[in-house]
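Trainee: Could you walk me through one part of this model up close, and then show me how it sits in the rest? I'm new to it, so please explain the terms as you go.

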Amino acid sequence: MFGTSRRRLVGVTAGSVLALIATTAATNSLADTGGPGCQEFFVSPAGDDQASGTERDPWQTIERARDHIREEGLNHGRMLCDITVNLRAGDYVVEETIEFGAADSGTGGHSIVYRSYDGPGEARFLGAKPVTGWKKYDGNIYRTQVDKDELFYTLFEDHQRATTARTPNRQAEDEWAPYFVSTNPDPARWNTPKWLTFEPGDWDPEWEPEWGDLSDAQVVVWSGNDWVWFTDTVPIQNMSWGNNMTTLRYATRYPMTSDEGGSRYFIQNSLHFLDQPGEYYLDWKDGSLYYWPRSGSLSNSTVWAPTVKTVFDFSGDSPADRVHDVHLAVSRWSTPTSSTGTATHGTRTATPVRCTSTRSTTGRSSCRGTGSAPLR
Ligand SMILES: [Ca+2]
């Protein structure tokens, strides 16, 4: 079902799934975009990369336009005006990060402009792909199969992030509370960060009718008692129900308890914890995915699984040879903002594609667009 690599799926964050086209790396006015004699190309989700790239015969991917400009040398030497790539309305599923290198730069003081032709927000680049094949499993819970080799760590229903099935349940969409708190029965165990002892009644032995049933489950804990600026997410290794204790597969960053008391935590990723709308459980052993839709039914909504961590990547060969004069623009319309200049709509809206220059240890300069638009 998923054609992408595990590498790209690891570490996917909530904000990285969708990138609306917005202005970034803009250094010049866009007032001359698309002027007489300037080359324009068209891309549409319904297009074909074997097409000619015209309005009536558009390409399907932004990469096809980028490659055409690069391979035909349209931006080599001194450009006489901007080159415009018009992105027609629709969803573009991004299965690999879209990369722009120094060879994709504008030249001669002109730019290559990739713009949402049909208006702000109409061309949407989705770092996710639909999950299909759902069938009713039990009550409100649906089930489907995903590729075991390409698992993921988050899920979306339409543009809203789902929650890994957990207990205790979140009391609100914008809160992680409430939590359990680890206990401290034996001061000799304060420095054993692989052992978590729980309050009797917090954990239910029925969660593990057979040995190992909780092997997919994880503890998400703010270890170190009252420290709040990080969490450890650690799989459960085994249970000792008689001692109200679990042994974690890995040590947490700090001890689970101290003389100040226990650490707050919740447990996640078990079918036993899937008991409210918006929760999902992924059985890593056989690739079964379970979800309770917020909408009540999957007939009118789409579930998305992430494909990439970074939607757009602007980079260069060195700090002195960076990609430049490439614009991602919200729309094709220009709006007068003063008597002396114009600005695209993108300069007046939030900028979901963030672009910052960094230098790696290899000296490679990069500028990454990490779609940070909220999915709602
Ligand atoms: Ca739950």
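In which strand is the place of Asp283?

Mentor: Asp283 sits in strand β21. Before we go on, this is a predicted model, so local features need pLDDT of at least 70 and side-chain atom pairs count only at pLDDT 80 or more, while totals for chains, interfaces and linings use all residues. Residues are numbered from 1 along each chain as its sequence is written. Helices (H or I, at least four residues) and strands (E, at least two) are DSSP runs, numbered from the N terminus.

Strand β21 covers residues 279-283 and is joined by 4 bridges to β22, residues 288-291, with the two running antiparallel. Opposite Asp283, in β22, you'll find Ser288. Two strands pair if DSSP finds at least two bridges between them. Zoom out a bit, and β21 and β22 belong to an open sheet of 5 strands, ordered β9-β10-β22-β21-β13, with mixed pairing. The edges are β9 (135-138) and β13 (163-164): each has a single partner strand, so one side of each has no neighbour in the sheet.

How crowded is Asp283? It has 18 other C-beta atoms within 10 Å, so it counts as partly exposed. The cut-offs go like this: 20 or more other C-beta atoms within 10 Å of a residue's own means buried, 12 or fewer means exposed, and partly exposed is in between, with C-beta atoms placed from the backbone. Leaving out residues up to four places away in sequence, Asp283 touches Asp216 and Ser288. Touching, or being in contact, means that the C-beta atoms, placed from the backbone, lie within 7 Å. Asp283 also has its C-alpha atom 9.4 Å from that of Ala217, which is 66 residues away along the chain.

From there, let's step over to strand β17, residues 218-221, which pairs with β18 (residues 232-240) in the antiparallel sense over 4 bridges. One of the matches puts Val220 with Thr233 of β18. On its own account, β18 is joined to β19 (residues 245-248) by 4 bridges, again antiparallel, and there Asn238 has Thr247 as its bridge partner. The hairpin of β18 and β19 has 4 residues between the strands, and Asn244 takes a positive phi near 50 degrees.

Val219 lies in β17 too, and with 25 C-beta neighbours inside 10 Å it counts as buried. Beyond residues up to four places away in sequence, Val219 touches Leu196, Val234, Ile236, Leu248, Tyr265 and Ile267. Val219 is also listed, with Val43, Ile62 and Val85, among the residues with the most contacts inside the largest nonpolar core, which has 67 residues. Domain 1 (6-127 + 307-369) and domain 2 (166-269) both give residues to that core, so it lies between them. A nonpolar core is a set of buried Ala, Val, Leu, Ile, Met, Phe, Trp, Tyr and Cys residues joined through C-beta atoms within 7 Å, and the domain bounds come from an automatic or database domain assignment.

As for the whole chain, it has 2 helices and 30 strands, and buried residues make up 38% of its 376 residues.

Terms used: Two residues are in contact if their C-beta atoms, placed from the backbone, lie within 7 Å.
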